[in-house]
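Hi,

Here is the structure I said I would pass on. Have a look at it first, and then read my notes underneath.

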Amino acid sequence: MTERLAISAVLPCFEEVENLPGVVARLGRALVEVASSHEILLVVSERARDGTPELARRLAEVRGDVRVLTQRAADPGYGRALALGLEAARFEWLLLTDADGQFDHAELPRLVALTPGRDLVVGYRASRHDSLARRAASRLYGEVATRLTGTSGVTDLDCAFKLVRARLVEGPPLRSRTGVINAELLGRALARGARLAEVPVTHLARTAGRARFELRVGRLGAVPRPTEAWAIARETLVIAVRRFMASSRAGTS
């Protein structure tokens, strides 16, 4: 029988008022099944205008396993939201996921079953239910970023369903403000010798809510905002330069 884990689940939340109650309920049931102790950290943005922060606080009032962290309007970005959650997490394992209802959290036992002898269990979307434009952008980014950021062993860099042993990502604050934080975080863990396992997970179509980094453009559907695309490219290059400089220093020492 798989050992039960102590898990901090970290969920960045932007405008997810329609998704959040169901996601928290389903995730809570899955955590009870596999965890000896758990917490659900909802990182809500002051920039949300649909009532998500207020709803999150109401959920925390009625659920003892929910904590709410507020992401200030002056400190925006998905990466910053995730970093705030990581800094506040209390348990040995981190479950990094989203509040958009696009993952079946009932599959969490499949990830937990792979943790013995591993430090990272990373999901990959077996069949993606995103717009064509978003799938194309994600594929291009993934092919480039895995080579530049030291994450070439990861199939689906941005899949928001992963378990990470907390001690492997401790240290200096993660700097990425965009989804590049996934590459930064996984690259740090792998550089420290993390043992990796991957597992296919179900990916569902978004039915409500709004991602902070997308625009809807006619038949193309959801596409990255130009400012976000530029920020992603810039942050990926920054990580690549840091890796090169660290390697150069190691080679001359």
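**What I found**

Let me start with helix α1, where the buried residues are Leu20, Val23, Val24, Leu27, Gly28, Ala30, Leu31 and Val34. Bear in mind throughout that this is a predicted model. Those buried residues of α1 pack against β1, β2, β3 and β4, and also against the helices α2 (52–62) and α4 (108–112). I also checked the length of α1, which covers residues 20–34: with 15 residues at 1.5 Å a residue, it should span 21 Å, and its end C-alpha atoms are indeed 21 Å apart.

The contact between α1 and α2 is worth a look of its own. The two helices pack at an angle of about 35°, and their axes are 10 Å apart. The crossing of α1 past α2 is right-handed. On the α1 side, Leu20, Pro21 and Val24 take part, and they meet Thr52, Leu55, Ala56 and Leu59 of α2.

Stepping back for the overall picture, the chain has 7 helices and 9 strands. It is 253 residues long, and 51% of them count as buried. If you take the contacts with a separation of 6 or more, 79% are between residues 24 or more positions apart. The accessible surface of the chain is about 12100 Å², with 55% of that belonging to carbon and sulfur atoms.

Now for the sheet. In what order do the strands of the open sheet run? There are 7 of them, in the order β3-β2-β1-β4-β6-β5-β7, and the pairing is mixed. The edges are taken by β3 and β7 (196–201), each of which has a single partner strand, so one side of each has no neighbour in the sheet. On average, neighbouring strands here are turned by 25° against each other, ignoring direction. At the β3 end, β2 and β3 run parallel and are joined by 6 bridges. One residue pair to find there is Leu41 with its bridge partner in β3, Arg67.

Two helices lie across strands of that sheet. One is α3, which lies across β1, β2, β3 and β4 and runs at about 135° to β3. The other is α6, lying across β4, β5 (120–125), β6 (161–165) and β7, at about 140° to β5.

Why call α3 (residues 78–88) largely enclosed by the rest of the structure? Because 9 of its 11 residues are buried, buried meaning under 20% relative accessible area. The buried ones are Tyr78, Gly79, Arg80, Ala81, Leu82, Ala83, Leu84, Gly85 and Leu86. Their cover includes the strands β1 (5–13), β2 (35–45), β3 (66–71) and β4 (93–97), along with helix α6 (181–191).

Finally, one residue to click on: Leu94, in strand β4. Is Leu94 buried or exposed? With a relative accessible area of 2%, Leu94 is buried. Leaving out residues up to four places away in sequence, Leu94 touches Ser8, Leu86, Ala89, Lys162, Leu163, Val164, Ala166 and Val169. Take Val169 from that list: Leu94 and Val169 are 75 residues apart along the chain, yet their C-alpha atoms are separated by 9.8 Å.

Cheers

Notes. Residues numbered from 1 in each chain as written. Predicted model: local features only at pLDDT ≥ 70, side-chain atom pairs only at ≥ 80, totals over all residues. Heavy atoms only, no water. Buried < 20%, exposed > 50% of the residue type's maximum accessible area, 1.4 Å probe, protein only. Helix = DSSP H or I, 4+ residues; strand = E, 2+ residues; numbered from the N terminus. Contact = heavy atoms within 4.5 Å. Expected span 1.5 Å × (residues − 1). Pairing = 2+ DSSP bridges. Axes fitted to C-alpha atoms, helices over the stretch in contact; angles between N-to-C directions. Areas by Shrake-Rupley, 256 points an atom, 1.4 Å probe, with all protein chains shown as cover. Left-handed = near helix turned anticlockwise from the far one by under 90°.
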